[in-house]
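Hello,

Here is the structure for your files. My notes on it follow below.

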Amino acid sequence: MELRKLTKEEDLSFFEKLNDEAFDVSETFSIQEFLKAQDEGLLEILSIETTEPVGYVVISANDEVAYLGYFAIDASKRGQGLGGEALELIKETYAPRQLVLETEKVDRKTPYESLKMRRRRFYLAHHLHLSHYEDIFRGNPYQIMCTHANLRLKAFKEILEQLLKMGYDPTLYKEGEK
């Protein structure tokens, strides 16, 4: 498995389709928006590949934190261990930085609860921890997870400030304070 930086010059149809399938329009940006932000040095959009692309990841990093903003594996490839293998490769690639990500806040009243719980269990199984920070982006609540016990809050906030340039503006707060 390898990670390869995407470019505007290649056929992006697989990634556009995956982006549309994996994320609700209210919580994501288009592949073209990600590529523009990559050109501006705000993030990297990487293809996750075996013999062919199987997914993608969007990462913004500084010296202390690698923020995994979007991570998707093609639905036809799920359940084969590729997501876990990709996550481990991402952690290795960006080490020794702390990996930080958002996962949907679990609310037992929503119809997609089992999917949210599966995602959370996936990250917990891969040694990520709930940070006790949450955020809201475009009305959607998320919990912040990270490697290591304590979120490197200052470094994470620096990344969020940079991503404001592309319109990513979540409201970050300590769990229970909102």
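To start with a turn: strand 6 and strand 7 form a hairpin with two residues between the strands, and Arg-138 there takes a positive phi near 50°. Please keep in mind that this is a predicted model.

The two strands of that hairpin, strand 6 (residues 129-137) and strand 7 (residues 140-146), pair in the antiparallel sense over six bridges. Within this pairing, Leu-130 has Met-145 of strand 7 as its bridge partner. Strand 6 is also joined to strand 8 (residues 171-174), by four bridges, and these two run antiparallel. Here Glu-134 stands opposite Tyr-173 of strand 8.

Next, helix 2. Which of its residues are buried? In this helix, residues 31-39, they are Ile-31, Phe-34, Leu-35, Ala-37 and Gln-38. Seen down the axis of helix 2, the buried residues fall within an arc of 160°, so they line one face of the helix. This fits the general pattern: an α-helix has 3.6 residues a turn, so residues three or four places apart point the same way. The cover over the buried residues of helix 2 includes strand 1 (2-5), helix 1 (13-22), strand 2 (44-49), strand 3 (53-61) and strand 4 (65-73). Just after helix 2 comes another positive phi, about 80°, at Gly-41.

Last, Glu-92, which lies in helix 3 (residues 82-94). Its relative accessibility is 60%, and the cut-off for exposed is over 50%, so Glu-92 counts as exposed. From Glu-92 to His-148 the separation is 56 residues in sequence and 14 Å in space, C-alpha to C-alpha.

Regards

Notes:
Residues are numbered from 1 along each chain as its sequence is written. This is a predicted model: local features need pLDDT of at least 70, side-chain atom pairs count only at pLDDT 80 or more; totals for chains, interfaces and linings use all residues. Side-chain values use heavy atoms; hydrogens and water are left out. Buried means under 20% relative accessible area, exposed over 50%, partly exposed in between (1.4 Å probe, protein chains only). The arc is that of the directions from the helix axis to the C-beta atoms. Contact means heavy atoms within 4.5 Å. Two strands pair if DSSP finds at least two bridges between them.
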